[in-house]
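Let's walk through how two chains can sit against each other, one question at a time. Have a look at the picture first, then read on.

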Number of protein chains: 2
Amino acid sequence: MNNSANDAKVSIKPSTFLNPVPVVMATCGDMEKSNIITLAWAGTINSEPPMLSISIRKERFSHDIIQNSGIFGVNLVAKSLIKACDYCGVKSGRDIDKFKEFNLTKFAGETTGVPLIKESPASLECKVRQIIELGTHDLFIADIVNVHVSEELFDEKGAIDMRKADLVAYNHGEYYALGEFLGFYGYSVANKDALARRMRKN
Amino acid sequence: MNNSANDAKVSIKPSTFLNPVPVVMATCGDMEKSNIITLAWAGTINSEPPMLSISIRKERFSHDIIQNSGIFGVNLVAKSLIKACDYCGVKSGRDIDKFKEFNLTKFAGETTGVPLIKESPASLECKVRQIIELGTHDLFIADIVNVHVSEELFDEKGAIDMRKADLVAYNHGEYYALGEFLGFYGYSVANKDALARRMRKN
C-alpha cells in the first residue's frame with residue numbers, strides 16, 4: 001500500500017486489531033504434570049522491574065493451573081516450532097500431553113521450578129503479581145524472574161543476536177517469520193558511527 | 001539455529017525479553033494540540049470486549065495527557081512509517097510537533113475525538129479504564145472503541161488482508177518487517193479444504 005494521506009478510512013466494529021502481536025508458548029504446572037498453552041494476548045508491560053502480562057480465557061485448562069501455582073513460563077517461538085505452537089493453541093491439555101505429542105523437552109526453571117521448553121530459543125520464568133478479570137480473558141500481571149537463552153543466540157562478542165532466533169509474529173490470525181531489518185531503536189537520530197556499527201544488511 | 005534439545009541454555013539477568021512485540025504510534029491530546037509517542041510495551045489483553053494495554057513512563061510528555069483525557073489512539077506502523085516511528089520514540093513532544101516534523105496528517109476519531117494518523121494502515125481509538133503503577137511504567141488498560149482501517153487493506157471479497165499493511169515488529173531493540181507466511185491459526189489441525197483456501201504462497 002502507499003500509505004498516503006488520501007487513503008479513505010473505513011470504520012469497522014471495535015475489535016482486537018493491534019497487529020502484529022507476539023505469539024508465545026506458555027508453560028505451567030510442574031515437571032510431573034505440565035501443560036503448554038499458546039497465547040498471542042501477551043506483552044511487555046514494565047522495564048524495571050521487568051514485567052509482562054498474559055491473558056487467558058477462564059475456561060482454559062492452564063488458567064486455573066497458573067492461578068493456583070502463581071508461576072508460568074513464556075517460551076519464545078522459533079519458525080521450527082510453529083506447528084507445535086499452533087497445535088498448542090487449539091488443543092486442550094485436558095486431553096493430551098502436548099510435550100509428548102511434539103517430542104518437546106522439558107527443563108525446570110531454576111528460580112520457580114516451572115517447566116520450560118528446551119527447544120525454544122528463549123524461556124522466561126514468570127511470577128504472577130496480580131490477576132484482573134476483564135471479560136472473556138483474565139489478565140495475569142507478572143514479574144519476569146529469570147531468562148534462559150539458547151547459547152546459539154550469542155555472537156562472537158558475547159552479545160545476544162535475536163536474529164538467530166528466527167522468531168515468529170502473529171498478524172491478524174496468521175503466523176509470519178520476521179523479515180527485512182529496518183533499523184534499530186534510535187537510528188533516526190543516530191550518528192554515522194552508530195549507523196555504521198548497528199545497521200544490518202538484509 | 002537448529003532448536004535442538006541439546007542447545008545449552010544460559011541464564012541471564014531478568015529482563016524484558018519477550019520478542020517480538022508490537023511497535024505502535026500512540027496519539028493523544030486533541031486536534032489542536034496533539035502528540036505522538038512510539039510504544040513497544042503494548043498488547044491485546046481481552047477479546048470481548050476488545051481491550052488493549054499500553055505502558056508509558058511517568059515522565060513522558062504523553063503520560064499526563066492520556067491520564068487527564070482518558071483517551072488515546074493506537075496507530076499501526078507500516079514500513080513506510082518506520083523513520084517517523086523511531087523518531088517519535090526518542091524525541092519529546094514537549095519540544096516539537098511530531099505531526100509537522102514528518103508531514104503526518106491528523107484526523108479525529110469519531111468516537112472519542114482523539115487525533116489519529118491518516119498515513120497509518122489502521123488506527124484504534126481507545127478509552128482508558130484503569131491505570132496501574134508498576135515501576136518505571138504505568139499500565140493503561142483500555143477499551144478499543146473504534147477501529148479505522150485503510151480502504152486499501154480490503155481485498156476484492158471485502159475481507160481485510162493485513163499483509164497489505166506491511167506491518168513492522170520490534171525485536172530486541174530492532175525493527176523488522178514481517179516476512180515469510182508460516183500458517184494461519186488452526187492450520188495444524190485444519191482439513192484439506194481449509195488448507196487449500198487459507199495457506200498463502202510466499
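Q: Which residue of E13(B) does A:Glu174 stand opposite?
A: Keep in mind that this is a predicted model. Here a strand of chain A, E13(A), is joined to strand E13 of chain B, and the two run antiparallel. Look across from A:Glu174 into E13(B), and the residue you meet is B:Phe184.

Q: What is the bridge partner of A:Phe184 in E13(B)?
A: Start again from E13(A), which covers residues 174-184 of chain A. Its antiparallel link to E13(B) consists of 7 bridges. Follow the one from A:Phe184 into E13(B) and you land on B:Glu174.

Q: Which strands are the edge strands of the open sheet?
A: The sheet has 6 strands with antiparallel pairing, in the order E2(A)-E12(A)-E13(A)-E13(B)-E12(B)-E2(B). An edge strand here pairs on one side only. That description fits strand E2 (21-22) of chain A and strand E2 (21-22) of chain B.

Q: What kind of axis relates chain A to chain B?
A: In general, two copies of a chain are related by a rotation about an axis and a shift along it. For this pair, chain A superposes on chain B by a rotation of 180° with 0.0 Å of shift along the axis, at an RMSD of 0.0 Å. So the relation is that of a two-fold axis.

Q: Which residue of chain A comes closest to the rotation axis?
A: The axis in question is the one for the 180° rotation that puts chain A on chain B. Going by C-alpha atoms, the closest approach from chain A is 1.9 Å. The residue there is A:Gly179.

Q: How much area do chain A and chain B bury between them?
A: The contact takes in 110 residues of chain A and 110 residues of chain B. Carbon and sulfur atoms account for 60% of the buried area. Altogether, the two chains bury about 9600 Å².

Q: How many salt bridges are there between chain A and chain B?
A: One pair to look up is A:Arg200 with B:Glu174, whose closest N and O atoms are 3.0 Å apart. That is within the 4 Å cut-off, so the pair qualifies as a salt bridge. The count between the two chains is 4.

Q: Which strand gives the largest share of the side of chain A that touches chain B?
A: Across this interface, 56 residue pairs are in polar contact. The chain A side divides into 57 nonpolar, 31 polar and 22 charged residues. The largest share of that side, 11 residues, comes from strand E13 of chain A.

Notes:
Residues numbered from 1 in each chain as written. Chains lettered and ligands numbered in written order. Predicted model: local features only at pLDDT ≥ 70, side-chain atom pairs only at ≥ 80, totals over all residues. Heavy atoms only, no water. Contact = heavy atoms within 4.5 Å. Buried area = accessible area lost by both parts, 1.4 Å probe. Salt bridge = Lys/Arg side-chain N within 4 Å of Asp/Glu carboxyl O. Polar contact = N/O pair within 3.5 Å; in protein donor to acceptor, adjacent residues only side chain to side chain. Helix = DSSP H or I, 4+ residues; strand = E, 2+ residues; numbered from the N terminus. Nonpolar A, V, L, I, M, F, W, Y, C, P; charged D, E, K, R; others polar. Pairing = 2+ DSSP bridges. Least-squares fit on C-alpha atoms with pLDDT ≥ 70 in both.
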